[in-house]
Structure formats: structure tokens, C-alpha cells
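Welcome! Take a moment to look over the sequence and turn the 3D picture around before you read on.

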Amino acid sequence: MTKSATEAITKADAIMSLKPYAKWSMSGDVVTWLDSSHIEPTASEIDAELTRLRTEYTNKKYQRDRAAEYPSYGEQLDYIFHHGVAKWKTDIVQPVKDKFPKPS
């Protein structure tokens with residue numbers, strides 16, 4: 001069984017987000033803190049951060065979809081050179097934004 005993209009965001013990701021400079025290791029689901037100068041997050045803080053990271057990932061799907069749809073930077077710069085910025089916005093940028101709107 002394959003994991004969904006949000007399931008690929010793990011407890012380790014949540015810990016790194018909460019304590020980016022702390023030293024720790026993880027074996028299975030057990031975290032060992034190697035640096036006593038940081039206050040360890042509670043299990044509920046880690047779970048809340050995991051939920052937040054997964055929600056943020058889900059909510060930014062439109063950004064990933066847009067990035068995949070836009071032509072390469074080189075192609076876009078060539079288009080701007082030949083047609084101008086205004087035409088680039090209407091011909092390249094706006095259609096992608098319309099296809100993948102930002103959720104409100």
C-alpha cells in the first residue's frame with residue numbers, strides 16, 4: 001500500500017518544524033532527545049504540528065499544480081522578450097491561474 005502525499009509528512013517532519021535546531025534521533029516511533037538545551041515538545045504539540053503541516057500541504061495543491069503547468073523559465077523569458085510582459089501575463093500566467101485558482 002502506498003502512502004498519500006500527506007501521509008508522507010511524518011512525525012519527524014513535525015519535530016523538525018517545531019524544533020529546527022534541536023538534536024534528536026528517532027528509532028521507529030521513539031524520539032531520543034540529544035540536546036538538553038531545548039524544551040521537548042509534548043506528544044500533543046507534535047500531533048498538532050503534524051496536522052498543521054498536512055493541512056498546509058493539502059491547501060497548497062493549487063501551487064504545485066500551477067508550477068507543473070507553467071512553461072520553463074527560459075520559455076517564459078523568451079515569450080516576454082518577443083511579446084512583452086503584458087502579453088505574457090494574459091497569455092501564459094492568467095490561463096494557469098484560472099485553471100488552478102487559489103482557494104479562498
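This report goes from the whole chain to one helix, then to the salt bridges, and ends with two single residues.

## The whole chain

Please keep in mind that this is a predicted model. The chain contains five helices and two strands, and in sequence order these elements follow the pattern α-β-β-α-α-α-α. How does the overall form of the chain relate to a compact globule? The radius of gyration is 20 Å, whereas the globule rule gives 13 Å for 104 residues, so the chain is more spread out than a compact globule. The C-alpha trace fits that picture, spanning about 60 × 30 × 30 Å along its principal axes.

Some totals help to fill in the view. Of the 104 residues, 20% are buried. The accessible surface of the chain is about 7700 Å², and carbon and sulfur atoms contribute 57% of that surface. Among contacts with a separation of 6 or more, 48% are between residues 24 or more positions apart.

## A look at helix H5

Helix H5 covers residues 85-99 and has 15 residues. At 1.5 Å a residue, helix H5 should span 21 Å, and its end C-alpha atoms are 20 Å apart, which agrees. Where does H5 bend? The bend is at valine 93 and comes to about 40 degrees, with proline 95 following within four residues.

Which residues of H5 are buried? Trp88, Ile92, Val93 and Val96 are buried there, so under 20% of the relative accessible area is left to each of them. Valine 93 therefore appears twice in this story, as the place of the bend and as one of the buried residues. The cover over the buried residues of H5 includes helix H3 (61-69) and helix H4 (73-83).

## Salt bridges

How many salt bridges does the structure hold? There are seven, and the table sets out three of them, including the distance between the closest N and O atoms.

| Salt bridge | N to O distance |
|---|---|
| Lysine 11 and aspartate 29 | 3.7 Å |
| Aspartate 65 and lysine 61 | 2.7 Å |
| Aspartate 91 and lysine 87 | 3.3 Å |

Start with lysine 11 and aspartate 29, which form a salt bridge. Lysine 11 lies in helix H1 (residues 11-18), while aspartate 29 is in the loop between strand E1 (24-27) and strand E2 (30-33), so this pair ties together parts that are 18 residues apart in sequence. Is each partner buried or exposed? Lysine 11 is partly exposed, with a relative accessible area of 25%, whereas aspartate 29 is exposed at 54%.

Next come two pairs that each sit within a helix. Aspartate 65 and lysine 61 both belong to helix H3 and are four residues apart, about one turn of the helix. Aspartate 91 and lysine 87 both lie in helix H5, also four residues apart, about one turn of the helix. Why does such a spacing bring side chains to one side? An α-helix has 3.6 residues a turn, so residues three or four places apart point the same way.

In the H3 pair, aspartate 65 is partly exposed, with 21% relative accessibility, and lysine 61 is partly exposed, with a relative accessible area of 44%. In the H5 pair, lysine 87 is partly exposed, at 41% relative accessibility, and aspartate 91 is partly exposed, with a relative accessible area of 32%. Elsewhere, salt bridges that share partners link Glu49, Arg52, Glu56 and Lys60 into one network.

## Two residues to find

Try locating alanine 48, which is in helix H2 (residues 43-59). Alanine 48 is partly exposed, with a relative accessible area of 47%. How are alanine 48 and aspartate 78 placed? They are 30 residues apart along the chain, and their C-alpha atoms are separated by 45 Å.

Then look for glutamate 40, in the loop between E2 and H2. Glutamate 40 is partly exposed, with a relative accessible area of 46%. Which residues does glutamate 40 touch, not counting residues up to four places away in sequence? Glutamate 40 touches Trp33 and Glu45. Glutamate 40 and alanine 22 are 18 residues apart in sequence, and 8.8 Å lies between their C-alpha atoms.

Definitions and conventions. Residues numbered from 1 in each chain as written. Predicted model: local features only at pLDDT ≥ 70, side-chain atom pairs only at ≥ 80, totals over all residues. Heavy atoms only, no water. Expected span 1.5 Å × (residues − 1). Bend = angle between axes of the 7 residues up to and from the residue. Buried < 20%, exposed > 50% of the residue type's maximum accessible area, 1.4 Å probe, protein only. Contact = heavy atoms within 4.5 Å. Salt bridge = Lys/Arg side-chain N within 4 Å of Asp/Glu carboxyl O. Rg over C-alpha atoms; globule rule 2.2 N^0.38 Å. Areas by Shrake-Rupley, 256 points an atom, 1.4 Å probe, with all protein chains shown as cover.
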